[in-house]
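Thanks for coming, everyone. I'd like to walk you through some contacts in this one, so let me put it up on the screen.

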Amino acid sequence: MGSWGFVGLAYGVASVALIGYLLFLKGRLRGAREEFAALEREGGRRTR
Amino acid sequence: MVAELLRRTWAMTWKDVTVELRARERVTAMLFFAALVLFIFNFALGPDREKLREVAPGLLWLAFLFTGMLGLGRSFQAERENECFEALLLTPGDRESIYYGKLAGNVLFMVIAEALILPLFGILYNLDIWGLLPSLALVAFLGTLGFSAVGTLLAAMTAHIRAREVMLPLLLFPLTVPVILASVRATEAILLGEGLGEVSQWLKLLVGFDVIFLVVSPLVFEFVLEE
Amino acid sequence: MARLSFAARLHGGAAALLLAVGLYWGLLAVPADAFQGEVQRIMYLHVPSVSTAYLAILVTFCASILYLWKRDLRIDAVAHSSAEIGVVFLGITLATGAIWGKPTWGVWWTWDARLTVTAIVFTMYVGYLMVRAFAEEPQAGARYGAVLAVLGLPAIILNHFAVQWWRTLHQPSSLIRPGGPSVAPVILWPLVFNIVAMLVLYSYFLLERVRLERIRHRAAESRLKRGRRG
């Protein structure tokens, strides 16, 4: 592997980690929002 | 104040020692495990004397620490199984005495195990350690104290969470790397015939670690016990 | 909520833009290092990751102390979030350190003092996250996490000394400092820029992660309320 290969590997690994974390975070945020919205809807129905 | 703390600490330690004297579960298991570890190392590394001698300090401390880990894992077992944590919390006075009492018990059991491991180690691996016993004992005690100071706190914590058997070593080993490094290096130098003066840097690190965690651990111990 | 979301999007966009400029600067605009060649460009990634990781650990430490004092779960959310992001950056630090080590030292891992300490800190905080995941209830997890973070700081400092001595007492120091002892301005400015870019990304991650914790907290409250009514 040439020296650009190592540079590419390092930046590649870091990009995968950061973008992976971003997607993981967004996914959990969406999941939590949906769950919260569902709970609120259900809760609203019950109180009525 | 100090007398009061000592009295409560003693009561806590005495409780654990009494339980241990009746059941003899923990120390028996530790001693047997320690002997087994020394045998297994021999099989894993082969009979090459010179090679064994080179890795001896590391082996000795692995035996100490794994055995100690076994004891630490059980140090809050009785309270957890019989749901006595509440009772422990109801004891009057500071939580610090619970911590120091448990710590004293853990150090005591680990020292008992080490008192067996050390001569057995000398015999099995044919090392001439008898003249070096005082300095080895000093290093062993300082290392044991630091390891248990963090270990007692973490044992109380992991007693309350899932996967506790895995979590205790996972949390304890990274935090105690300084103790492990310092103890192994100091032991190595002592086995090579160097005096305590040669290892003063590592001894200072051990003492520093012990002092820091003997002060910090009881301060945060109450947050671990809280229900 | 909508206004907040706009600010968050702006924040994220700023992080992405800064990182893109930093990437261009470090990878293309700066000439190759005279001693290390192209490989030195990994530094523009490695050093910002280290700085961000240790800042994240420090934030966790401060928030944990504050949590033990004030007992506010919102403060604990900051500690927990910062630790999680810190683990990501510690992981990147280790990976880029090893990738830099291979062409420089010929091996992926040499127990270089600073990388070793980073590896120890990494395992500490993976343990932290596992404790938080395995705790029976959020309050207990918050307390245990805070205790671990408080123990972590003195342990990191002692680890630093222990590993430093271990490496220097045992073999001649093989530390090859990136860029030499004094950093030339041609390297310094893109480096500083990339550190800033990474910190902006960290702050974006932190705010989003804390927001996640807040939504989860609200959901738990809502579930509790429903449980009481039903």
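Let's start with a single side chain: R8(B) counts as partly exposed, because its relative accessibility is 27%. Before I go further, keep in mind that this is a predicted model. So what does R8(B) meet in a salt bridge? That would be E4(B), with N to O at 3.2 Å. E4(B) has 30% relative accessibility, so it's partly exposed too. Both residues sit in helix α1 of chain B, which covers residues 2-23, and they're four residues apart, about one turn of the helix. And the general point behind that spacing: an α-helix has 3.6 residues a turn, so residues three or four places apart point the same way.

That's one pair inside one chain. Searching the whole structure over all chains turns up 19 salt bridges, and I'll pick out a few that cross between chains.

First stop, chain B against chain C. The contact involves 30 residues from chain B and 30 residues from chain C. Between them the two chains bury about 2,900 Å², and 76% of that is on carbon and sulfur atoms.

How many salt bridges are there between chain B and chain C? The count is two, and E226(B) turns up in a salt bridge with R143(C), at 3.5 Å, N to O, and in another with R71(C), at 2.9 Å, N to O. Where do the partners in that second pair sit? E226(B) is in the segment after α10 of chain B, while R71(C) is in the loop between α2 (43-70) and α3 of chain C, so this pair joins two chains. As for exposure, E226(B) has 25% relative accessibility, so it counts as partly exposed. R71(C) lands in that class as well, because its value is 34%.

Beyond salt bridges, there are six residue pairs in polar contact across the interface of chain B and chain C, with both residues at pLDDT 80 or more. On the chain B side, four helices each supply at least two residues to the surface touching chain C: α7 (133-158), α8 (164-175), α9 (177-191) and α10 (200-225). Which helix of chain B gives the most? It's α10(B), with eleven residues. Sorted by class, that side of chain B has 23 nonpolar residues, three polar and four charged.

Okay, now over to α3 of chain C. Just ahead of this helix we've got D72(C), and one of its side-chain oxygens reaches to within 2.9 Å of the backbone nitrogen of R74(C), at the start of α3(C). D72(C) also forms a salt bridge with R74(C), the closest N and O atoms being 3.0 Å apart. Are these two buried or exposed? D72(C) is at 22% relative accessibility, so call it partly exposed, whereas R74(C) is exposed, because its relative accessible area is 60%.

The helix itself runs over residues 73-105, 33 residues in total. From first C-alpha to last, α3(C) reaches 46 Å, close to the 48 Å expected at 1.5 Å a residue. It's mostly covered, with 24 of its 33 residues buried. Then, just after α3(C), G106(C) takes a positive phi of about 90°.

Last stop, chain A against chain C. Here 27 residues from chain A are in contact with 37 residues from chain C. The buried area is about 3,100 Å², with carbon and sulfur atoms giving 76%. Which residues of chain A lose the most area to chain C? Y11(A), L18(A) and Y21(A), and together they make up 22% of what that side buries.

For the charged contacts, there are three salt bridges across the interface of chain A and chain C. One you can look for yourselves is E35(A) with R223(C), where the closest N and O atoms are 2.3 Å apart. There's also a network of salt bridges linking R28(A), E84(C), R209(C) and E213(C). Polar contacts across the interface of chain A and chain C come to eight residue pairs, again with both residues at pLDDT 80 or more. The side of chain A touching chain C divides into 17 nonpolar residues, three polar and seven charged.

That's my tour, so over to you for questions.

Definitions and conventions: Residues numbered from 1 in each chain as written. Chains lettered and ligands numbered in written order. Predicted model: local features only at pLDDT ≥ 70, side-chain atom pairs only at ≥ 80, totals over all residues. Heavy atoms only, no water. Contact = heavy atoms within 4.5 Å. Buried area = accessible area lost by both parts, 1.4 Å probe. Salt bridge = Lys/Arg side-chain N within 4 Å of Asp/Glu carboxyl O. Polar contact = N/O pair within 3.5 Å; in protein donor to acceptor, adjacent residues only side chain to side chain. Nonpolar A, V, L, I, M, F, W, Y, C, P; charged D, E, K, R; others polar. Expected span 1.5 Å × (residues − 1). Buried < 20%, exposed > 50% of the residue type's maximum accessible area, 1.4 Å probe, protein only.
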